[in-house]
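Q: Can you walk me through this one? I'd like the basics first, then the contacts.

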Number of protein chains: 2
Amino acid sequence: MKKRLTLKLIAKELDVSVSTVSKALRDSAEISEDTRQKIKAFAKLYNYKPNIIALSLKNRKTKTIGVIIPEIVHHFFTTVISGIEQAANEKGYHVIICTSNNSFDKEVINMEILANGSIDGFILSVAKETQQKKDYHHLTEVIEQGMPLVMFDRVIDEINCDKIIIDDFLGAKKAIQHLIDKKCKKIGLITTIDYVSVGKLRTQGYREALKENNIPADEDLILKVEDFDKSEMEIQSFLKDKKMDAVFAVNEHFAIYAIKAFQEQGLKVPDDVQVIGFTDGELSKRFIPSLTTVNQHGEEMGAQAARLLIKKLENEDAEDEPFETIIIETGLVERNSTKR
Amino acid sequence: MKKRLTLKLIAKELDVSVSTVSKALRDSAEISEDTRQKIKAFAKLYNYKPNIIALSLKNRKTKTIGVIIPEIVHHFFTTVISGIEQAANEKGYHVIICTSNNSFDKEVINMEILANGSIDGFILSVAKETQQKKDYHHLTEVIEQGMPLVMFDRVIDEINCDKIIIDDFLGAKKAIQHLIDKKCKKIGLITTIDYVSVGKLRTQGYREALKENNIPADEDLILKVEDFDKSEMEIQSFLKDKKMDAVFAVNEHFAIYAIKAFQEQGLKVPDDVQVIGFTDGELSKRFIPSLTTVNQHGEEMGAQAARLLIKKLENEDAEDEPFETIIIETGLVERNSTKR
DNA sequence: TTGTAAGCGTTATCAA
DNA sequence: TTGATAACGCTTACAA
């Protein structure tokens, strides 16, 4: 194994001092044109690249961002990462990604390790377990240490930091309004139990839209799925004999189970019933009929998170600036599960 | 911003030398029980954590693995990463993920940056553009530098390094055999043009299976999709009036377009035509009918890649050990697009 | 114009 | 049992 070229090696080879080499390579005016050229030529020839670790140690900054997400095998998070990466790379930052697998312990450990010098700041979406446990000591610790933290999507209200969220409430409202505009009168809702914050907000949006249109909310038309694994059955029996003309589901999967159930009942989507989902994934695009959904703009979310973090990182006075909460607007993507 | 606790700070606080602190914390026998306790208690109280960057510089190893993939918004790669992460974490390694976005330039740049000290070794699946360009200087450079490299899935035959591939040939063969076992006689193939190595191998598997069963290959039943964006149209017109009883598609999307086209012709899947795809993604699972596919075992692939890399990293004599190529076996996942 | 030395946070070696 | 020192690779104030 050839060992990597260092300033020291170059210095020895060219019989000058290390600092001369360093300065020459950084185009310092202190160094004579002559030696500068000589050194640069040599460095180029042997393909010298400064050691990033040494620079990090020296500068006390790593120019890398740590991202912790609940799971990577998930289209939405994956788009967020993609956005983070792009925005970060533009500013010369790198990205380290760790997954918590929705485990509190793994989240804590990952944060601790990354916080020990590997990164300059965090972008984080908390694990389900953390939400349930309500133990946030690892988050406060990192913040107290002075390391900037941006939370996205699954954020914790009690934690004081920058946040990027999507407008679940408005997104749901838009979806319902869309159905109402298409003359739907009996609109069902398939949502999650309330402790999942996004489910809750989307349910509120549903109610609000009905209210604004003077349609009384019918509790019989609302299903709160208890168990994700049994959701297909729950949805199937829920949709029996309800005679709805539309359904809004808070995620892709529920929406697809709904369509399936309708089809089994001999109903046609969108002719007999219209369906809207939430989260615009591969599934929504390719399913037949393709799904009209509320798009969460994951990439933009990621890009905004990265930009916000980098702003804090590079702005010395950022310390006392107040924390921001950026709300990403959702958009309705019309496809074939609703009428044109 | 509170500054992080360092050995130096502890030393000053406790009025001992830095080296004493270092040794005490690492339970060196050199240090008296007394001071050791005192120092450890203090460190614990103030939550001392060694700076990883300093350790990396000192040890000349970072305990982190760099992963470069063509795209992250892609279910298969995402499962591979998941596998890499798990296996790496088990051995105390971290993972940095960069995407090349299928761009040659970005691949080169990412590799250069990571190679400058941030990581101990690479796990890589090359960008499409790199495959086309056949410019591999960045790969050979890294290898010459003595940095271990493991390629997976999209590998380059000409590069001498460890490789993890899936058995595309055998996977395709299995799929076709499965169809033949179900009494299919006219089996179509929807594949890519030949320069995509996996498409080529899967096509070969198709031919081989037919041959072994003494079924002559009919070139009219083979479609090589030229343009991914227009694949839906191409597939639709290809499937007109061919009277096949089965189709094997080299990816999920082609398979779904095929089903769609059949349905539009009034044919039922799987009753009239059976369909098998490749790559087991979300889409295959949820589509109606759910897709029978060849599973690529992405997680296992990732885990094997990580383990192989770490083996090289930790084994001093690994230098002269020959490079390995590990072949991950595919498995057929039976669902509703083929008959039971 | 060039070089020396200190420092970033550690650990290992050797001396006290 | 403890501490001083050098080293990892780099930058920079200061000295020559």
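**Protein and DNA contacts**

Q: What about B:N51 and DNA strand C, how far is the backbone N or O atom from a phosphate oxygen?
A: A phosphate oxygen of DNA strand C lies 3.1 Å from a backbone N or O atom of B:N51. That is a polar contact, meaning a pair of N or O atoms within 3.5 Å; within protein, one must be able to donate a hydrogen and the other to accept it, and residues adjacent in sequence count only if both atoms are side-chain atoms.

Q: Any ground rules on the numbers?
A: This is a predicted model, where local features need pLDDT of at least 70, side-chain atom pairs count only at pLDDT 80 or more, and totals for chains, interfaces and linings use all residues. Residues are numbered from 1 along each chain as its sequence is written, chains are lettered from A and ligands numbered from 1 in the order in which they are written, and side-chain values use heavy atoms, with hydrogens and water left out.

Q: Which side chains reach a phosphate oxygen of strand C?
A: Among them is A:T35, with a polar side-chain atom 2.6 Å from a phosphate oxygen of DNA strand C. From chain B, a side-chain N or O atom of B:Y48 is 2.7 Å from a phosphate oxygen of that strand.

Q: Which residues come nearest to strand C?
A: A:S19, A:T20, A:K23, A:T35 and A:K58, out of 28 residues around DNA strand C. Near means that one of the residue's heavy atoms lies within 4 Å. Of the atoms of DNA strand C within 4 Å of the protein, 64% belong to sugar and phosphate.

Q: Which element gives the most there?
A: α2(B) does, with four residues of the surface near DNA strand C. Helices are DSSP runs (H or I, at least four residues), and strands are too (E, at least two), numbered from the N terminus.

Q: And the mix by class?
A: The surface near DNA strand C has 10 nonpolar, nine polar and nine charged residues. Ala, Val, Leu, Ile, Met, Phe, Trp, Tyr, Cys and Pro count as nonpolar, Asp, Glu, Lys and Arg as charged, and the others, Gly among them, as polar.

Q: Switching to strand D. Which residues come nearest?
A: A:L7, A:Y48, B:T20, B:K23 and B:T35, of 26 residues around DNA strand D. Sugar and phosphate make up 65% of the atoms of DNA strand D that come within 4 Å of the protein.

Q: Where do A:S22 and A:A54 touch it?
A: A side-chain N or O atom of A:S22 is 2.9 Å from a phosphate oxygen of DNA strand D. For A:A54, a polar backbone atom lies 3.4 Å from a base nitrogen of DNA strand D.

Q: Who gives the most to that surface?
A: α2(A), with four residues of the surface near DNA strand D.

Q: How do α1(A) and α2(A) pack?
A: Their axes come within 8 Å and cross at roughly 105 degrees. Axes are lines fitted to C-alpha atoms, for helices over the stretch in contact, and angles run from 0 to 180 degrees between N-to-C directions. So α1(A) and α2(A) are roughly perpendicular, the term for 65 to 115 degrees.

Q: How are the two chains related?
A: A rotation of 180 degrees with 0.1 Å of shift along its axis puts chain A on chain B, RMSD 0.2 Å. That is the relation of a two-fold axis. The superposition is by least squares on C-alpha atoms of residues with pLDDT of at least 70 in both.

How values were computed
Angles under 35 degrees count as roughly parallel, over 145 as roughly antiparallel, 65 to 115 as roughly perpendicular and the rest as oblique.
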